[in-house]
Structures are given as C-alpha cells and as structure tokens.
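Me: I have a new structure open and would like to learn how to read it. Could you take me through it feature by feature?

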Amino acid sequence: MESRQFRVHLHISSPGKTFMSTAASPTYPALLSVVQYPHPVLRKHADEVTVFDDALRDFCERMFLCMEQAKGIGLAAPQVAVSKRIFITDHARREEGQSDRRVWINPRIVNAEGTSAYEEGCLSFPGMYARVERCDRFTIIYHDVYGAENRLSLDVGAGDFLGVVVQHELDHLDGKVFVDHLTDAQLTLIRKRLREMEKDYKKATGKPGAILRR
Ligand code: NI
C-alpha cells in the first residue's frame, strides 16, 4: 500500500530494479519486482503458507527491500507474483528514521466492527489514490515467520493506521484490489489511467491481463 499521508510519491516506472536471492528455492523466485495492474496474479486467491523455513524468511527480507525501494508502507506477496498468503508492512515514518517492520502470514480478521474511510494508494496502481471504507475495529490473527500464531487488536478510529494497511494488504491475498471498493464516480476519475495501464500490459505481454470489468 501507498499513502499520501506519509508524503510517499511513487516512481515505480523505473523498471529493472529487482532483488536477488542467495537461497535457491522452488517456492520463491530469485528475483522480485512489483507487478502492476492488470497482471493476472493480482486476481488469484493466494495459497496458505505451510512451510516456515529459511527460504520463506529470505523471501520476506527481500520483500522489505522491494517495498522500501518503492517507498511503500505495505506489500503483499501476490504483488511480487508469488501467490502465497504473506504480506509485510512498515507504516512508521521513515523520513523520521523510524521503522516498524512486520510480517503477516496466513492472516485472518475476526470480530470486525464499524467503518472508517481513508485515502489509499497501491504500488500495483501507481499514482492512483481514493478514499476507501474499511472496518474500524477488529482483531487480526496471523503467523510469524517461524509459524507461531499471533493476534493483534486494532482500532483505526483510535489512530491505528496500521489497521487500514493490513486490510488493504489482506485483500490482495484474496485477489482483491483497492479499486474494487470504489464507487462509479471514484472510478471515473482514474479510468483513463487504468486504460493506459491495460494498453501498456498488452504491449509488453501480448495478453489482455485481468481487466477490471466495471
Ligand atoms: Ni496494494
């Protein structure tokens, strides 16, 4: 996820920046780079993680490098073309030298209540921002990189902006993206940019990709 609140301006259009792994793994690619709309991996329901090994931890570490380079505050594995139920966050104010790196594996939300709306952006939809309604209070249950189960209660209304980030990233694991939440009026404002991205994808791959049907 990208947030203007953090004065993050994304220039992901500099292609070729990838993050190489030293550990060969059949599950996680050696090179990571952020995929953009309309790449079909963004529409897949991601698989549960069942093996908590060094390859997983190495992959998460490289996801942080990828996210930091893109100046994101959240990144889901499908956004680097790995259809696994993993996302990472670091919503602390980096310009002030703070960091709050967290890894969330096989996450699920329980006891959701209320709604809150915040402006969101996404590394897979560069330059597009819109207000999205999310749950206000909930508990998230997830595994860490060693397979231990954790739970955290978040209250967006009380200032837990991390609560917005995790809901945005969890959507990615279910093949959902933030533009799915937009009203027709909100969509109209970014439609032109979406069309351009569809054209670019077709030009690069010869395929239409997973185009938004609204
Ligand atoms: Ni996103």
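Reply: Gladly! Keep in mind from the start that this is a predicted model. Let's begin with the metal site.

Me: Which residues coordinate the nickel ion, and through which atoms?

Reply: Look for the side-chain atoms that reach the metal. Here the nickel ion is held by Cys-122 through SG, and by His-168 and His-172 through NE2. The distances run from 2.1 to 2.2 Å. Along the chain, these donors follow the spacing C-x45-H-x3-H.

Me: Where do Cys-122 and His-168 sit in the chain?

Reply: Cys-122 belongs to strand E5, residues 102–122, while His-168 belongs to helix H2, residues 162–173. The two are 46 residues apart, so this pair links distant parts of the chain. His-172 is found in helix H2 as well.

Me: Is His-172 buried or exposed?

Reply: A residue counts as buried when its relative accessible area is under 20%. His-172 has 1%, so it is buried. The other two donors can be read in the same way: Cys-122 is buried at 0%, and His-168 is buried at 2%.

Me: What is His-172 in contact with, leaving aside its neighbours within four places in sequence?

Reply: Its contacts are Leu-42, Lys-44, Ala-76, Pro-78, Gln-79, Cys-122 and Val-177. Notice Cys-122 in that list, which you already met as a nickel donor.

Me: Now for the strands. What order do they have in the open sheet?

Reply: The general idea first: strands of a sheet pair through backbone hydrogen bonds, either parallel or antiparallel. In this structure, five strands form an open sheet in the order E3-E4-E5-E6-E7, and the pairing is antiparallel. Strand E3 (74–76) and strand E7 (149–155) are the edges, each pairing on one side only. On average, neighbouring strands of this sheet are turned by 45° against each other, direction ignored.

Me: How many bridges pair E5 with strand E6?

Reply: There are 13 bridges between E5 and strand E6, which covers residues 125–143, and the sense is antiparallel. To find a place on this pairing, look for Ser-116, which stands opposite Arg-134 in E6.

Me: Which strands does helix H1 lie across?

Reply: Helix H1, residues 54–69, lies across E3, strand E4 (86–89) and E5. Its direction is at about 45° to E4.

Me: Let's turn to charged side chains. How many salt bridges does the whole structure have?

Reply: Side chains of opposite charge can pair when their charged atoms come close. A search of the whole structure finds 16 salt bridges. One of them joins Glu-68 and Arg-101, whose closest N and O atoms are 3.1 Å apart. Glu-68 is in helix H1 and Arg-101 is in the loop between E4 and E5, so the pair links parts of the chain that are distant, 33 residues apart. Glu-68 is partly exposed, at 25% relative accessible area, and Arg-101 is partly exposed too, at 35%.

Me: Which side chain meets Arg-134 in a salt bridge at 2.8 Å?

Reply: That is Glu-120, with the distance taken from N to O. Arg-134 lies in strand E6 and Glu-120 in strand E5, so the pair ties together parts that are 14 residues apart in sequence. Arg-134 counts as buried at 6%, and Glu-120 is buried at 0%.

Arg-134 also forms a salt bridge with Asp-171, with the closest N and O atoms 2.9 Å apart. Asp-171 lies in helix H2, so this pair ties strand E6 to that helix across 37 residues of sequence. Both Arg-134 and Asp-171 are buried. In addition, salt bridges that share partners join Glu-48, Arg-85 and Asp-174 into one network.

Me: How many disulfides does the structure hold?

Reply: Zero. For one cysteine to look at, Cys-135 counts as partly exposed, at 26% relative accessibility.

Me: Finally, where is Ala-210?

Reply: Ala-210 lies in the segment after helix H3 (184–205). It is buried, at 19% relative accessible area. The C-alpha atoms of Ala-210 and Val-41 are separated by 8.4 Å, although the two residues are 169 residues apart along the chain. Leaving aside its neighbours within four places in sequence, Ala-210 is in contact with Tyr-37, Pro-38, Pro-40 and Arg-43.

How values were computed. Residues numbered from 1 in each chain as written. Predicted model: local features only at pLDDT ≥ 70, side-chain atom pairs only at ≥ 80, totals over all residues. Heavy atoms only, no water. Donors = N, O, S within 2.8 Å, 3.2 Å for Na, K, Ca; no water. Helix = DSSP H or I, 4+ residues; strand = E, 2+ residues; numbered from the N terminus. Buried < 20%, exposed > 50% of the residue type's maximum accessible area, 1.4 Å probe, protein only. Pairing = 2+ DSSP bridges. Axes fitted to C-alpha atoms, helices over the stretch in contact; angles between N-to-C directions. Contact = heavy atoms within 4.5 Å. Disulfide = S-S within 2.5 Å. Salt bridge = Lys/Arg side-chain N within 4 Å of Asp/Glu carboxyl O.
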